[in-house]
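Morning, everyone. Let me put the structure up, and then I'll walk through it.

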Amino acid sequence: MFPPKVTCLILAAHFPRLPLSCVAVRMLSSGASYEDAIDRLMSLQSIASVVRNAEQRGKQQVERLRNDNVRITNIYLHRLGISSCDLKKLNIIHVAGTKGKGSTCALTESILRHCGYKTGFSSSPHLMEVRERIRLEGQVISRDLFAQYFFEIWDLFERVDVTVNDSSPPRYPSFLKYLVVMSYYVFLKEGVDVAVVEVGLGGRFDCTNVVQHPRVTAVTHLGYDHTSILGDKIEGIAWEKAGIIKYATPVLVVPQCYPETWGVLEKEAEQCNTSITRVPPLTAYPNPPSATTSETWSDNISLALQLSKTWLDLQVSSGDKQVSPGDKQMSPGDTNGIQTKLALPFQLPDTFLRGIKKCQWPGRNHVIYRGAVDFYLDGAHTPVSITKCTRWFKTQTKNNRRKVLIANTTRDRQIAKFLNIINEEVSLDQIIFCPNIASNKYVVKDCEWPESIKLAMIKTAHENRDVWIEKFPAVPAFSFSSVAEAVEHIEASKVETDVLITGSLHLVGAALQVLDPGFLEDSSKSQASFSK
């Protein structure tokens with residue numbers, strides 16, 4: 001056995017991208033398991049509790065918390081010996097948006113992996129296990145690898161000499177910051193060629209926004225979500241998302257439903273000495289992938305194609321010179337007077353087509369077949385995405401089968417608007433409301449809710465049922481305290497049924513725990529379908 005200093009030097013030789021101070025020898029937590037890591041992680045303050053504590057102290061405290069988010073994340077990175085220059089080595093693709101950012105990231109990662117590059121992918125939230133948030137070469141990192149890296153970082157934080165004051169954060173990051181810092185640490189240690197990073201919430205003040213030199217950035221569909229934090233004005237939400245745009249860095253954007261957003265994005269781009277490039281419709285490509293399952297997926301695929309091409313163009317360009325994603329033409333002026341560039345479609349290489357076809361992204365346009373019942377899962381949770389989700393459901397199902405909806409919404413989403421869309425778009429035989437709880441009999445530790453939150457979610461499910469009964473009495477409505485109870489209720493009839501599960505990604509995660517608990521280990525058994 002080598003002494004610790006010698007071991008550090010040996011490890012550093014194998015991981016030249018990582019600073020020596022970042023090459024840790026795990027001593028304090030040797031032999032700790034994945035379950036031990038989750039216990040430690042869950043002991044850290046969640047972002048929700050941080051915000052609640054700040055809210056109790058007033059609006060100024062909330063603003064200070066958000067404004068400090070990036071600065072504090074940087075402090076934690078520096079405690080691990082990771083600098084902005086180190087992050088630059090990851091050749092990051094940074095993606096923000098209200099809907100479609102995770103799907104776009106998954107598609108982009110798959111394309112570049114099929115082009116022969118070693119990929120890292122950081123996303124949120126997770127559906128079943130926390131380790132889903134960090135992927136290497138298209139695979140969720142193993143429990144053992146998660147535990148190894150988790151405790152390497154934990155031990156490094158343990159050794160840091162910390163003096164906590166108003167400007168210095170505690171020894172350990174909060175839940176979300178820990179996972180973000182850990183993802184960058186893992187990508188550096190594993191020597192990925194490219195890291196695809198999904199913004200957690202917003203963009204400008206999101207802790208992923210410590211990245212100062214991404215290779216390319218992107219903004220997906222913008223809409224109303226997390227309004228209690230981001231505000232209820234679409235211009236304000238767009239300003240939050242535009243915060244990931246960086247100096248002289250290409251930024252790609254999908255067509256937007258709200259014309260007001262273009263001016264906000266353009267102004268940010270101008271201040272950063274760059275310009276907005278709008279992606280073309282998927283049908284404009286000479287050889288587009290086979291018919292996709294939804295309109296949203298078409299936009300996400302086009303954005304992923306252009307992101308991949310831009311990143312590849314930058315890789316072959318000389319030095320750090322920024323280049324545009326292929327030849328451009330001016331937009332035909334459908335962005336409320338704002339002149340944006342339009343990326344031209346191009347002939348798709350076989351590697352790009354394979355990347356799209358082989359991409360797996362559970363919980364979005366996801367179908368699981370169980371005997372007489374087919375379950376359609378999608379994490380849609382905004383008015384626009386719910387509309388597109390229900391239309392996808394209609395195109396995938398037959399009229400002669402019973403139609404049931406399992407739904408849930410959170411406190412800052414308008415239940416009345418949600419229910420109106422559902423009623424207008426789908427002819428239902430039954431609707432069921434339930435919380436984001438898989439079962440009352442068993443629980444996955446990664447998705448365990450505090451008792452107070454569980455009770456609040458169950459109460460909301462009952463209230464949503466009552467609202468539906470009052471508005472649409474012709475369609476029977478039920479509420480249950482878990483997804484398992486809802487599924488048991490549906491399958492007990494032994495009637496051929498199509499079930500749409502939507503309204504929350506956390507609800508979809510709970511449904512996966514019930515319907516396909518082994519999907520992380522056997523993703524080929526039931527996976528999201530991006531093309532027919």
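I'll take a helix pair, then a sheet, then the aromatic rings. Keep in mind that this is a predicted model.

Start with helix H10, residues 234-242, and helix H11, residues 260-271. Their axes are 9 Å apart, and the packing angle is about 35°. What is the hand of the crossing of H10 and H11? Right-handed.

Now the contact itself. H10 brings Ile-234, Glu-235, Ala-238, Trp-239 and Ala-242. From H11 come Glu-260, Thr-261, Val-264, Leu-265 and Glu-268. By class, the residues of this H10 and H11 contact are six nonpolar, one polar and three charged.

Stay on H11 for a moment. Which residues of H11 are buried? Thr-261, Trp-262, Val-264, Leu-265, Glu-266, Glu-268 and Ala-269. Note that two glutamates, Glu-266 and Glu-268, are in that buried list. The buried residues of H11 pack against H10, and also against strands S6 (216-219), S7 (251-253) and S8. After H11 comes Asn-273, with a positive phi near 55°.

Next, the sheet. It is open, it has six strands, and the pairing is mixed. Reading across, the order is S11-S12-S16-S13-S14-S15. Why is one side of S11 and of S15 left without a neighbour in the sheet? Strand S11 (366-370) and strand S15 (477-479) stand at the edges with a single partner strand each, so one side of each has no neighbour there. On average, neighbouring strands of this sheet are turned by 20° against each other, if you ignore direction.

Two strand pairs to look at. First pair: S11 with S12, antiparallel, joined by five bridges. Arg-370 stands opposite Val-373 of S12. The hairpin of S11 and S12 has two residues between the strands, and Gly-371 takes a positive phi there, near 60°.

Second pair: S13, residues 402-407, with S14, residues 430-433. These run parallel, with four bridges. Here Val-404 faces Gln-430 of S14. And what packs on the sheet? Helix H14, residues 383-396. H14 touches S11, S12 (373-377), S13 and S16 (497-502). The direction of H14 makes about 160° with that of S16.

Last topic: aromatic rings. How many aromatic pairs are there? The count, with ring centres within 6.5 Å, comes to 20. I'll show two.

Trp-154 and Tyr-172 are stacked: 4.0 Å centre to centre, with 20° between the planes. Trp-154 lies in helix H7 (143-159), and Tyr-172 in the loop between H7 and helix H8 (175-190), so this pair ties together parts 18 residues apart in sequence. Buried or exposed, Trp-154 and Tyr-172? Both are buried.

The other pair is Tyr-285 with Phe-346. Their planes sit at 80° and their ring centres are 5.6 Å apart, so this one is edge-to-face. The pair links distant parts of the chain, 61 residues apart. Tyr-285 is in the loop between S8 (276-278) and helix H12 (295-316). Phe-346 is in the loop between strand S10 (341-343) and helix H13 (350-358). Tyr-285 and Phe-346 are both buried.

Finally, a cluster. Ring pairs link Tyr-34, Tyr-76, Phe-146, Phe-150, Phe-151, Trp-154, Phe-157, Tyr-172 and Tyr-178. So you meet Trp-154 and Tyr-172 again, the stacked pair, as members of that cluster.

Terms used. Residues numbered from 1 in each chain as written. Predicted model: local features only at pLDDT ≥ 70, side-chain atom pairs only at ≥ 80, totals over all residues. Heavy atoms only, no water. Axes fitted to C-alpha atoms, helices over the stretch in contact; angles between N-to-C directions. Left-handed = near helix turned anticlockwise from the far one by under 90°. Contact = heavy atoms within 4.5 Å. Nonpolar A, V, L, I, M, F, W, Y, C, P; charged D, E, K, R; others polar. Pairing = 2+ DSSP bridges. Phe/Tyr/Trp six-rings, centres within 6.5 Å; stacked < 30°, edge-to-face > 60°. Buried < 20%, exposed > 50% of the residue type's maximum accessible area, 1.4 Å probe, protein only.
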